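Me: I would like to learn how to read cores, cysteines and empty space in a model. Can we take them in turn?

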Amino acid sequence: MTTGLARLTDELGMLYGGDYNPEQWDPAVWREDVVLMQEAGVNLVTVGVFSWSHLEPRPGEYRFGWLDEVLDLLHGAGIAVDLATPVASPPPWLGHRHPESLPTTADGTVLSYGSRNQFCPSSDAYRAAAAAIAEQLAARYAGHPAVRMWHAGNEYGQVCFCDRCAERFRDWLRSRYGSVDALNAAWATTVWSQEYGDWAEILPPRVAPYHRNPSQELDFRRFGSDLLLDLYREQRAIVRRHDPDRPVTTNLMGFFGGIDPHTWRADLDVVADDAYPDPASPDAPADAALVNHLARGLAGGGSWLRMEQAASAVSWREHNLTKSPARLRAEVLQALAHGCDGALFFQWRQARSGPERFHSAMLPVAGADTAVHRGIRALGAELRALRGLVGGPVHRRVALLWDWTSWWAATQVALPTARLDPLATLQAWHRELWRLGVVVDVVPADRDDVALDGYDLVLAPAQYVLDEAAAARLDAYVAGGGRLVWGPFGGVADGLSHLHAGRSPAPLRHVLGVSAEEWVPLPDGGSTVVRAEEGVDEGLGEGPGTAATLGERTRSDGADVLATYGDGPLAGCVAVARHAHGAGRAWYVGADLSTPGGGLAAVLRAALDGAGVPRGGQVPGVETVWRGGTLVAINHTDRPVPLAIGAALRAGPAGVRDATALTDVRSGARHDVSAPLPLAPHDVVVLAAG
């Protein structure tokens, strides 16, 4: 999976650059750009993402002269190109001549052209035009020496509810179920008199008088992801006919609900991800790390590429805070520590016009003599010195389970509560792990090609959907000696949003030793959680905690009860438990304990200790990560911090734990591990063992 990326980094080292939109500028500016790129250490730019109307101003009329010149200029300067098929933003002529190519919302509104992403993924006119421009580009530039990678489309996520999508949805359902009777059974259409007699009766989940069928909604989400994957595959196949060697990819968007990236990863030669952490959020460093762990998980634990990020402020939040060059450096090196082998930005030169004119860039509208651009130059020089990190494995021993089917199903309507956001739950658990200095992989529970036996601890904070196959894998993992921590409202439904019969979580209750008969929303203010004597002995603390949002009316079926609800509707029921199963152990956490004083951190500490996973965290806001034999220490705070790195050594790979000194990769200075490591505000120090 990382072969395409390794080919690039073997040649270029750590990748550095961003989106380049020369069609927005006079050719004289291109020459200035190339010089400034060289001075900044740029070695890869993405060209042409939104250039369709400039390449094909009228149907079948192509203008490639400007692109020829740009690619020649970049190649002459030693700058490689990630060449885009510009199909994310069709020209106005397509929507004008083919209004059926425009997307339709769930309420029947047809969206106009005049922005971007204005296409229906099922439109034959759009697909034909997208194929034609991709064919022209691939045929013309497959042999161009500047082109090192292909970028198909951009941030796939379009959704449409039109009649053409209804036809394709029905085709997808025929392939999945085979017959209308089988679909009726799968969707439980006897509820509310929804039984279908003919395929033609089936529609996308459009706006309706009341709640829609949850199975239909879930299948439409799967269909939408597959439909966009089909578009990507069409573009990729066209490129492959002309260029069988260079990698082809597109840019994912972290925890974006529009597609299931796990079903895409086999078709991506490079796992590339966009990320825009919010400088206003105190949790931004931890949440950015979580996105990085997802990208690495999608890459099978290997290297990945940051395709887009902001040099300073974005332009699409309500209030867009800037970030200092020091903070930008910390974000970039954090991603590199987490397995990223390149830092690309949106974009190279800040736009003077258009909707993104206030979005920051590597080269601000104020010019090169700016703090932002000086920071960009310094970062480029530093990345050249960090070539030794490229391809190195990230040391991690813990997995966080997360899959899109469960996310989609757990955010449908008509649940016991709309307040238990599964993504927020995942983030809350990860924030505690991040504070404890624990690096994780984010992996899906619903795929049998992801092995769990390499992890000392597996956590499932929000696994609402659990099918029999996934339950069997978790059963085998624990029985074989693994450690599992199971979160609230988990194992409730199958892959069609049907509730499992019996006490919950029906497929896994024998592993957890706890079962529930009812899901119980908790009152505002939550319920008190009281530690049992065994819980105190386990390290959960003696004082009361607080359970919020939702709990379960539970009993122990053999588990050791570590905490119970002390009041409210669940008084006396199991809140936290631990159960021996085979050679392993499983923990049950029945409610949201992530509120201040709730007790989640204590549970996770005890589970980590029980699994033998050392904790590298010691100073709030400071992150330590091992990539290969290199330690990256990041101060995400705005204050200086003296860091004792002994804990980081203990949490590192076996080959570094006995080190007595580490070498600063930038300065070459040796650092005695018994002495404090000074970290300035938002500073990053990279230290090599050996």
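Reply: We go through the nonpolar cores, then the cysteines, then cavities and pockets. Keep in mind that this is a predicted model.

Me: Which residues touch the most other members of the largest nonpolar core?

Reply: First the general idea. In soluble globular proteins, nonpolar side chains tend to be buried together. Here the largest nonpolar core holds 142 residues. Leu 74, Phe 255 and Leu 383 touch the most other members.

Me: What is Phe 255 in contact with, beyond its neighbours within four places in sequence?

Reply: Three tryptophans are on the list: Trp 402, Trp 404 and Trp 407. Leu 290, Val 291 and Leu 294 are also in contact with Phe 255, as are Leu 423 and Leu 426. Apart from this core lies another, of 26 residues. Its members include Val 450, Tyr 455, Leu 484 and Ala 586.

Me: Now the cysteines. How many disulfides does a search of the whole structure find?

Reply: A disulfide is a covalent bond between the sulfur atoms of two cysteines. The search of the whole structure finds zero.

Me: Why is there no bond between Cys 162 and Cys 160?

Reply: The closest cysteine sulfur to that of Cys 162 is in Cys 160, at 3.5 Å, and that is too far for a bond. The cut-off is 2.5 Å.

Me: Are Cys 162 and Cys 340 buried or exposed?

Reply: Cys 162 has 5% relative accessibility, so it counts as buried. Cys 340 has 0%, so it counts as buried. The cut-off for buried is under 20%.

Me: On to empty space. How many cavities of 30 Å³ or more are found?

Reply: Rolling a probe the size of a water molecule over the atoms shows where empty space is left. In this structure the search finds 13 such cavities. The largest has a volume of about 160 Å³.

Me: What lines the largest cavity?

Reply: There are 15 lining residues. Nearest the centre lie His 395, Gly 437, Val 438, Val 439 and Ala 651. Strand 21 (residues 622-627) gives the most to the lining, with three residues. By class, the lining has nine nonpolar, four polar and two charged residues.

Me: What is the volume of the largest pocket?

Reply: About 830 Å³. Its lining has 35 residues, and Trp 192, His 211, Arg 212, Asn 213 and Pro 214 are the closest to its centre.

Me: Which helix gives the largest share of that pocket's lining?

Reply: Helix 9 (residues 214-242), with four residues. By class, the pocket lining has 22 nonpolar, nine polar and four charged residues.

Key: Residues are numbered from 1 along each chain as its sequence is written. This is a predicted model: local features need pLDDT of at least 70, side-chain atom pairs count only at pLDDT 80 or more; totals for chains, interfaces and linings use all residues. Side-chain values use heavy atoms; hydrogens and water are left out. A nonpolar core is a set of buried Ala, Val, Leu, Ile, Met, Phe, Trp, Tyr and Cys residues joined through side-chain atoms within 4.5 Å. Buried means under 20% relative accessible area, exposed over 50%, partly exposed in between (1.4 Å probe, protein chains only). Contact means heavy atoms within 4.5 Å. On a 1 Å grid over the protein atoms alone, a cavity is a set of points where a 1.4 Å probe fits but cannot get out, and a pocket is an open set with protein on both sides within 12 Å along at least five of seven lines; lining residues have an atom within 4 Å of a point. Grid points are joined across faces, edges and corners, and a volume is the space filled by probe spheres set on the points. Helices (H or I, at least four residues) and strands (E, at least two) are DSSP runs, numbered from the N terminus. Ala, Val, Leu, Ile, Met, Phe, Trp, Tyr, Cys and Pro count as nonpolar, Asp, Glu, Lys and Arg as charged, and the others, Gly among them, as polar.
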